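Me: I should like to understand how certain structural terms are applied to this protein. May I put some questions to you?

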Amino acid sequence: MLNTSNLDDFLEEIRSISDLELLLRPAEQKRFSRDFFDYSPILREKLAECCADFVVKPLSVDAVLSVAFTCQKHEVPLTIRGAGTGNYGQCVPLEGGVVMIMTSLTKIRNFNSETFEVTVEAGCLLGDLNKYLLLKGRQLRLLPSTWRTASVAGFIAGGSGGIGSVRWGFLRDPGHLLGLEVVTLEECPRKIQLDARSSEALNHAYGTNGIITSLTLSTCDAVDWQEVAIDCDDFFEAVEVFQSCTKAAVDLFLCSFLENKIVECLPSWSGKWRGKNRLLLLVAPDGVSTLERISMRNGVDFYHLGPE
């Protein structure tokens with residue numbers, strides 16, 4: 001909790017910031033002080049009581065600068081939050097203070113029609129950004145499983161890979177993050193522009209060394225990815241089929257392996273293929289028949305589920 005002797009002065013300064021929403025209801029403070037860490041019984045015990053003293057939502061980068069200045073001046077802890085889809089407690093305020101929600105900074109600032117790079121503000125949802133890119137025949141190279149609801153800066157700050165990694169590697173590999181605009185937490189916070197090289201230190205750093213306000217990312221050609229499932233009775237057979245699929249001359253965007261124990265725990269809506277080891281794949285349309293032949297050669301079940 002904040003020092004009560006500083007509370008009135010701090011709150012007065014926060015209230016005076018333009019383009020800033022202040023959320024004071026206890027339910028809001030509790031809601032925005034957590035992510036999906038409940039998946040872990042260890043984190044549930046450690047983080048359940050952590051709660052912000054204040055929750056703010058900047059509507060402009062200038063407001064981000066003002067919040068950073070005010071928190072630095074009063075030595076108030078500042079925790080940055082995107083859409084809160086992480087499950088490791090990345091946006092949980094361990095020492096109270098302020099949680100700053102970045103989801104109102106959503107502008108797509110620029111799309112370069114020559115290099116196909118896109119510059120977007122931190123709070124834009126990956127799903128919305130990808131829809132925009134698809135209209136231009138492009139798409140994001142890497143996406144988390146929560147891509148429809150996760151924010152772009154949250155993914156860069158807290159993610160590592162996901163859908164697309166079988167083809168493009170990981171977020172920290174050179175070529176994905178091409179630039180950042182960040183706000184510092186110096187004595188006098190600044191907004192600075194970083195190129196690809198100087199952005200590397202902030203990639204996958206959870207916002208602990210700079211507040212990301214916009215990003216420049218690479219894109220790739222859009223593909224009408226097809227969903228495929230392959231089920232195998234035997235674990236080692238599934239591994240062999242997995243290796244055959246990744247080595248085949250097909251364009252893959254996802255190849256995930258689910259052991260049968262995991263498949264058994266999936267909800268009933270996940271399909272009829274229960275009790276087996278399952279491969280989940282996204283493949284270009286011209287690769288569906290190849291994956292089917294690989295499945296037939298190995299005597300395993302193949303299902304073409306249609307477009308993504």
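Me: What follows helix 11, and what is the sign of its phi?
Reply: Helix 11 is followed by G299, whose phi is positive, near 70 degrees. Helices (H or I, at least four residues) and strands (E, at least two) are DSSP runs, numbered from the N terminus. This is a predicted model, in which local features need pLDDT of at least 70 and side-chain atom pairs count only at pLDDT 80 or more, while totals for chains, interfaces and linings use all residues. Residues are numbered from 1 along each chain as its sequence is written, and side-chain values use heavy atoms, with hydrogens and water left out.

Me: Which residues of helix 11 are buried?
Reply: In helix 11, which spans residues 288-298, the buried residues are V288, T290, L291, I294, S295 and N298. Buried means under 20% relative accessible area, exposed over 50%, and partly exposed in between (1.4 Å probe, protein chains only).

Me: What puts these buried residues on the same side of helix 11?
Reply: They cover an arc of only 165 degrees around the axis, and therefore lie on the same side of helix 11. The arc is that of the directions from the helix axis to the C-beta atoms. On the other side, R293, M296 and R297 are exposed.

Me: What covers the buried residues of helix 11?
Reply: The cover includes strand 12 (226-232), helix 9 (235-247) and strand 15 (301-307), among others. Contact here means heavy atoms within 4.5 Å.

Me: Why is the pair R25 and E28 called a salt bridge?
Reply: A salt bridge requires a side-chain nitrogen of Lys or Arg within 4 Å of a carboxyl oxygen of Asp or Glu. The side chains of R25 and E28 meet at 2.8 Å, N to O, so the pair satisfies the rule. By this rule the count comes to 11 salt bridges.

Me: Why is R25 called exposed, and why is E28 called buried?
Reply: R25 has 56% relative accessibility, over the 50% limit, and so counts as exposed. E28 has a relative accessible area of 16%, under the 20% limit, and is therefore buried.

Me: What makes K276 and D301 a link between parts of the chain that are apart in sequence?
Reply: K276 forms a salt bridge with D301, the closest N and O atoms being 2.5 Å apart. K276 lies in the loop between helix 10 (260-264) and strand 14, and D301 in strand 15, so the pair ties together parts that are 25 residues apart in sequence.
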